Amino acid sequence: MRALLSLQRHTIRRQITTLGLVLTAGVLLMFGAGMVLHEASNRQQTLQATLAIEADIIGSNSAAAISFGNEEEANEILASLAAWPDVRQARLFLPDGRTLGRYSAAGADGSCHVLRPSNAAIGFDMRWCGAAVYQPVRLHGQMVGVVAIEAGLDSSYRAMAGTVAFSLALAAVAFLASIPLWRRVSARVAEPLSRLVELTDRVSREHDFRLRANVSGSHEVDALASGFNQMMHELQRRDERLTHELHQRRQAELRLNDLAYFDPVTGLHNRHYFRERIDAAVARAARDGGRAAMLYIDLDGFKQVNDTLGHDSGDQLLREVGRRLTDTLRRSDGVCRLGGDEFAVIIDDDSDSRQVETVAAKLVEALAAPYRLGQRQAPAISASIGACVYPDGARDRDALMRRADGAMYRAKERGKNRYWLHHEGGLEPPSRRQLVEESLDGALDRGELRLVFQPQFLMGEPAAGAAPAPAPAPAVFGFEALLRWTHPVVGAVSPAEFIPLAETTGAIERIGEWVLREACAHLVRWRRRHPHLQMSVNLSARQLASDESIVRLAEVLAHSGLPAGAVELELTESLLVDRSELMLGRLGRLRTAGFGLAIDDFGTGYSSLAYLDSFPITTLKIDRAFVNKLGESGATHGDAIARAIVAIGAALRADVIAEGIETPAQAQALLGMGCRRGQGYLFARPLDEPEAMALLDPPARRLLQPA
């Protein structure tokens with residue numbers, strides 16, 4: 001009853017379809033059940049007849065053996081039942097009930113029946129686990145014994161399963177075929193009413209009085225549609241008059257609002273909105289005891305765009321700047337164009353100075369990316385940003401605006417393409433990040449950059465058919481040149497901190513060439529005593545961005561006089577996402593110049609066998625993330641990935657080197673995988689030049705000449 005009531009709450013179309021499918025399913029189930037029962041009856045009759053025939057044959061052949069009590073001959077006759085795999089066991093009984101012969105099928109795991117001569121009166125005994133037949137053996141019309149045969153039902157069950165599967169498949173096909181039929185029937189009956197209901201609902205939701213009912217069916221449906229259309233016509237006329245009046249009023253309001261609050265060039269909020277927003281932000285911060293921040297942005301090089309490309313290109317550039325600002329910031333941050341090439345950002349979510357610095361750094365990076373105006377590349381554009389936080393750096397709105405503006409000019413004085421955060425009274429020292437950014441450009445000229453060298457070792461030799469044999473002492477075959485910066489104020493600066501900054505500002509190209517030149521100079525000196533030594537140098541994405549940079553790298557190697565393969569450039573996987581002809585050509589030119597090419601941190605970035613097939617790679621480096629847990633009990637994902645990388649390297653005939661090795665167990669595990677080369681703190685930390693020389697010269701450590 002509950003199902004019936006639930007069905008009544010559905011549409012007529014669904015009710016007809018559901019009831020029809022239920023009826024169809026019931027008929028098909030009855031038909032399938034009938035087929036299964038019929039097949040079961042046929043199988044039983046066939047099995048009974050077959051067993052009876054077999055029993056007659058056995059009885060006829062064994063009459064003489066029973067008469068003479070020949071047990072051996074009786075067993076041989078019963079053994080002929082092995083030709084029928086379904087027979088599990090058989091017995092020949094004498095009239096007095098003694099067993100003369102017996103047969104049990106090989107591999108039979110138990111019997112369903114216990115064959116007794118007393119069951120001869122049963123004739124045929126059918127159970128779920130098997131069937132047995134008892135047949136008297138007669139000689140000259142006189143019963144001389146009883147033959148009993150038991151057969152399994154495995155083949156019958158398989159045949160029944162096939163029948164059931166066929167019946168279910170047939171029923172499913174028939175049921176699926178009935179679905180579109182019942183849907184068509186229900187649609188034909190209910191479609192006109194459903195369309196009227198949908199149309200009424202659509203009018204209610206959309207308030208579109210232009211809609212008309214175009215349905216036909218019974219006489220009643222036609223009359224209902226005609227009345228609906230007449231009502232809609234009257235409503236449409238009234239709605240059109242009202243809509244026209246409201247549209248004119250709304251257009252006037254929007255135009256006034258745009259003129260008052262939006263910049264017509266960029267679509268950003270204008271100076272009028274900015275003043276209202278900054279007033280509200282400062283008032284809220286003062287009321288709630290929170291903070292508000294203002295970032296004043298001035299473009300560097302905008303005048304050159306206007307002068308060389310025209311004002312239309314200048315407007316296009318301003319629109320692109322506005323897009324980058326809104327894409328980088330959150331929706332809650334206020335972005336305004338104050339006029340010309342000046343923009344402002346208002347942050348009123350209680351952000352502190354460190355968070356404001358993070359936002360400013362992101363904006364500097366976003367606005368420094370190259371601009372393309374139509375088919376032309378714009379001159380280099382960047383931004384100088386001044387920031388101030390209320391109440392940390394200013395006590396009112398006017399002071400906040402003045403000091404943000406002053407901080408912007410401080411940023412321009414320090415070389416542009418940077419930000420400056422104002423501090424109260426201007427007495428606080430700049431933050432660590434500001435010091436790093438300001439000092440990076442001149443760090444190379446001031447001699448603050450230096451190289452250290454991470455030794456790379458040949459850990460051992462694989463032994464055929466046996467466990468890998470570690471070398472008496474891991475042998476140095478090369479070094480990886482690593483860049484270090486010691487700032488005179490903040491001290492040591494991590495490469496993870498200053499390398500991304502150098503890539504953003506473009507300083508990485510000059511620094512990268514210096515690193516390569518210095519690494520080659522060291523290698524030239526070392527190879528005078530160790531002629532087979534190699535050197536690895538990291539390559540930045542910016543160094544692959546132009547053909548001129550490729551030419552300069554090749555010139556550094558050529559001027560060093562080092563042979564091909566002595567210097568290897570390490571690329572990050574993210575560089576290899578670009579499989580364009582341009583990138584392939586640049587990497588090919590590096591290989592032609594004599595550089596080896598290694599994929600650093602392989603497996604952690606954009607790994608793809610497609611680029612391994614495309615690029616002229618010579619070495620794969622297993623990242624420390626996959627080395628950390630090697631040698632521990634139990635298999636890990638890192639173990640499987642490391643093995644896969646070694647296998648890929650072998651297939652590509654590329655060297656494989658593991659980094660971050662810290663324990664003997666890790667080294668032994670890598671050797672077991674076939675990875676002979678490694679580097680890490682287990683062997684040596686990054687070394688200065690004197691320490692590296694001490695490592696190379698006996699007796700500290702021997703240098704193994706590669707095969």
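**Close-up views of a predicted model**

**Figure 1. Strand S1 and its partner in a hairpin.** Strand S1 (residues 87–93) and strand S2 (residues 99–104) run antiparallel and are joined by five bridges. This is a predicted model, as are the views that follow. Two of the pairings are easy to pick out here: Gln89 has Ser104 of S2 as its bridge partner, and Ala90 stands opposite Tyr103 in S2. Between the two strands of the hairpin lie five residues. While you are at the turn, have a look at Gly97, which takes a positive phi near 95 degrees.

**Figure 2. Strand S1 and its partner S5.** S1 also runs antiparallel to strand S5 (residues 142–152), and six bridges join these two strands. Gln89 is a handy landmark again, as it stands opposite Glu150 in S5. Is S1 mostly covered or mostly exposed? S1 is mostly covered, with seven of its seven residues buried.

**Figure 3. The open sheet and the helices that pack on it.** Stepping back from S1, we come to an open sheet of five strands with antiparallel pairing, in the order S2-S1-S5-S4-S3. The edges are taken by S2 and strand S3 (124–126); each has a single partner strand, so one side of each is left without a neighbour in the sheet. From one strand to the next, the twist averages 10 degrees. Helix H2 packs on this sheet and touches S1, S2, S3, strand S4 (130–139) and S5. The direction of H2 makes about 35 degrees with that of S4. Helix H3 (residues 71–79) packs on the sheet as well, touching S1 and S2, and its direction makes about 30 degrees with that of S2.

**Figure 4. A salt bridge within helix H2.** Let us stay with H2 (residues 12–68) for a moment and follow Glu39 and Arg43. Their side chains meet in a salt bridge, with N to O at 3.0 Å. Why are these two separated by about one helical turn? Because they are four residues apart in H2. The two partners differ in their surroundings: Glu39 counts as buried at 18% relative accessibility, whereas Arg43, at 35%, counts as partly exposed.

**Figure 5. The crossing of helices H8 and H9.** Helix H8 (residues 311–328) and helix H9 (residues 353–368) have axes that come within 10 Å and cross at roughly 145 degrees. The crossing of this pair is right-handed. Which residues meet here? From H8 come Val321, Arg324, Leu325 and Thr328, and from H9 come Lys362, Leu363, Ala366 and Leu367. The residues of this contact divide into five nonpolar, one polar and two charged. Arg324 deserves a second look, since a network of salt bridges links Arg324 with Glu320, Arg323 and Asp327.

**Figure 6. Arg277 and its contacts.** Arg277 has its place in helix H6 (residues 271–288). Is Arg277 buried or exposed? With a relative accessible area of 15%, Arg277 is buried. Setting aside neighbours within four places in sequence, the contacts of Arg277 are Ser332, Asp333, Gly334, Ile346 and Asp348. Of these, Asp348 is 71 residues from Arg277 along the chain, yet their C-alpha atoms are separated by 9.4 Å. Asp333, another of the contacts of Arg277, forms a salt bridge with Arg330, where the closest N and O atoms are 3.1 Å apart. Asp333 counts as buried at 8% relative accessibility, while Arg330 counts as partly exposed at 40%.

**Figure 7. A buried salt bridge between strands S19 and S17.** Our last stop is the salt bridge of Lys621 with Glu570, in which the closest N and O atoms are 3.0 Å apart. Lys621 belongs to strand S19 (residues 619–622) and Glu570 to strand S17 (residues 567–572), so this pair ties together parts that are 51 residues apart in sequence. Both Lys621 and Glu570 are buried. Side chains of opposite charge can pair when their charged atoms come close. How many salt bridges does a search of the whole structure find? It finds 29 salt bridges.

Terms used:
Residues numbered from 1 in each chain as written. Predicted model: local features only at pLDDT ≥ 70, side-chain atom pairs only at ≥ 80, totals over all residues. Heavy atoms only, no water. Axes fitted to C-alpha atoms, helices over the stretch in contact; angles between N-to-C directions. Left-handed = near helix turned anticlockwise from the far one by under 90°. Contact = heavy atoms within 4.5 Å. Nonpolar A, V, L, I, M, F, W, Y, C, P; charged D, E, K, R; others polar. Salt bridge = Lys/Arg side-chain N within 4 Å of Asp/Glu carboxyl O. Buried < 20%, exposed > 50% of the residue type's maximum accessible area, 1.4 Å probe, protein only. Pairing = 2+ DSSP bridges.
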